[in-house]
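Student: Please take a close look at one part of this model, the second largest pocket, and then set it beside the nonpolar cores. What lines the pocket, and which elements supply the lining?

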Amino acid sequence: MDRKDKEESRRHFLARIGADAAALILPATLVAPAFAQVCAPPGSTANPTPWTRDCRSIQPRRPASTLTGTEISKLKAAYKAMRDLAVSDPTDPRGFVHQTHIHCHNCGGGGSSIQVHFGDRFLPWHRAYLYFHEKILGQLIGDVNFRLPYWDWENPAHRTMPGAYTSPNNNTNPLFNSPRSMAPGDTLDPTDGQPATALSETNFADFSPELEGSPHGSIHNAVGGDMSAFDTAAKDPIFYAHHANVDKLWSDWTNADASHTAPVTPAWLNQTQGFFDENKKWRTIRNADVVNHEAKLRYIYAGRTWEFITWLCIRDWVLVDKLQLIDTSRLQLSQTTRQKLLPLLDKAEMRLRLISPQLPTDRSASYFLYYDESDAKANRGPQSPSYLGLISVVLMSKEGDHKMGSPRKLDFDLKGKLKGLTDRTSEFSLFLAERNAKGSNAAVSKLAVRGVEILRGQEG
Ligand code: C2O
């Protein structure tokens with residue numbers, strides 16, 4: 001736990017002590033919940049008006065690190081107006097505090113039962129959230145052409161937090177948020193912000209959880225502070241630039257190949273999400289309405305699109321074999337599996353798929369995954385022969401009243417790693433080492449899984 005997180009848990013601890021003390025003297029009805037912030041929508045959601053169309057001109061969302069001075073001033077003015085509104089009229093759903101509550105409420109915060117993470121709502125819900133948020137910001141500064149910027153953290157030139165959010169690095173900047181652990185000038189670890197595995201997925205059901213785990217989760221943790229728990233994440237304005245990039249990667253993936261489509265089941269297409277719009281009207285919007293962001297939501301992404309290289313030749317990931325599970329944390333490579341794998345050594349794109357990995361839920365953190373215990377203890381990351389990739393855990397709440405859900409599956413590229421794996425004769429396990437615990441004494445834990453599959457990229 002770093003210094004800032006320590007301070008934060010101390011603050012939460014003090015807040016709890018305070019609430020417990022209050023419980024002794026106040027009638028129960030007056031006691032606020034000790035652990036969960038109240039984050040329900042301010043006002044009735046009983047009679048929604050369905051969203052129908054947007055008639056604005058199509059405008060680009062641009063990389064946050066390349067905004068002009070004028071664009072930065074507008075962005076700051078918009079967030080200042082949103083923050084001011086929260087003070088001048090705390091009941092206005094467009095105010096900043098209520099905007100942050102939308103995310104909290106939709107991740108189970110404040111006792112709500114809604115959960116937009118770890119499932120097929122993740123991408124459409126966040127797209128709709130940003131859309132309404134962006135329209136409100138534009139309205140508050142009287143500019144219908146205002147569009148959110150995005151933090152393109154996968155671009156090696158943009159691994160520091162975009163300057164507008166850190167300069168000045170204090171409360172006079174409406175884009176600043178004090179609990180961050182990432183300081184101005186800090187650069188992301190190169191293992192953060194890597195969307196290549198997600199972008200090479202060939203269907204939405206694999207793409208979405210892969211993108212959500214890492215890079216999405218790892219950037220939440222890298223920024224730290226409010227960003228490292230879902231109930232508080234949207235209090236940091238960088239959240240919206242981060243999610244605009246997640247949204248852009250969905251857009252890039254969709255544009256990369258005609259076969260990369262959103263789900264077509266009526267259940268998914270007709271799933272609705274509710275938001276207050278820029279006129280304080282409660283709206284519902286369907287997943288079907290957000291799939292084509294250009295035609296329907298009136299924005300496109302400017303700047304570089306992810307460079308799709310070799311994996312575009314991959315039309316499908318096909319199962320080579322399943323590893324044998326002795327129990328949930330002990331695996332075995334049988335003779336038959338090895339026979340199937342040997343001809344594939346370094347010939348094809350290969351991938352390891354973990355089914356329902358049971359991740360640690362004691363705190364938000366990013367872990368390196370290895371298939372060799374001594375490599376995990378040395379924790380040298382990508383240079384290690386048995387290093388498989390990054391796993392990020394972002395809790396719903398740091399306060400322990402609601403934990404994270406579990407990803408359904410996570411994929412890891414096995415290129416160049418297969419030889420080491422097939423050399424294993426006996427049983428083995430998968431090991432997690434916390435990324436920040438550098439050096440030879442990293443605390444290492446075994447990862448429990450419900451299944452492990454080996455997949456091969458089929459070119460088409
Ligand atoms: Cu709703 Cu990045 O989380």
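Tutor: What follows describes the pocket and then the cores. The model is a predicted one. The volume of the second largest pocket is about 590 Å³. Its lining consists of 25 residues, and those nearest the pocket centre are Gln194, Thr197, Leu388, Gly389 and Asp413. Two or more lining residues come from each of helix H5 (196-199), helix H6 (204-223), strand E6 (314-322), strand E11 (387-393) and strand E12 (409-413). Of the elements, E11 gives the most to this lining, with five residues. Both domain 1 (3-301) and domain 2 (314-459) contribute, each with at least three residues. Sorted by class, the lining of the pocket holds 11 nonpolar, seven polar and seven charged residues.

Now the cores. In soluble globular proteins, nonpolar side chains tend to be buried together. The largest nonpolar core here comprises 59 residues, and Tyr79, Tyr129, Trp151, Tyr165 and Tyr240 have the most contacts inside it. Helix H2 (69-88), helix H3 (96-105), helix H4 (122-140), H5, H6, helix H7 (238-256) and strand E5 (299-301) each give two or more residues to this core. H4 gives the most, with 10 residues. H5 and H6 thus appear in the pocket lining as well as in this core.

Tyr129 can be followed further: beyond its neighbours within four places in sequence, Tyr129 is in contact with Gln99, Thr100, Ile102, His103, Ala234, Phe239, Tyr240 and Phe275. Apart from the largest core lies another core, of 31 residues, including Val320, Tyr371, Leu410 and Leu414.

Terms used. Residues are numbered from 1 along each chain as its sequence is written. This is a predicted model: local features need pLDDT of at least 70, side-chain atom pairs count only at pLDDT 80 or more; totals for chains, interfaces and linings use all residues. Side-chain values use heavy atoms; hydrogens and water are left out. On a 1 Å grid over the protein atoms alone, a cavity is a set of points where a 1.4 Å probe fits but cannot get out, and a pocket is an open set with protein on both sides within 12 Å along at least five of seven lines; lining residues have an atom within 4 Å of a point. Grid points are joined across faces, edges and corners, and a volume is the space filled by probe spheres set on the points. Helices (H or I, at least four residues) and strands (E, at least two) are DSSP runs, numbered from the N terminus. Ala, Val, Leu, Ile, Met, Phe, Trp, Tyr, Cys and Pro count as nonpolar, Asp, Glu, Lys and Arg as charged, and the others, Gly among them, as polar. Domain bounds come from an automatic or database domain assignment. A nonpolar core is a set of buried Ala, Val, Leu, Ile, Met, Phe, Trp, Tyr and Cys residues joined through side-chain atoms within 4.5 Å. Buried means under 20% relative accessible area, exposed over 50%, partly exposed in between (1.4 Å probe, protein chains only). Contact means heavy atoms within 4.5 Å.
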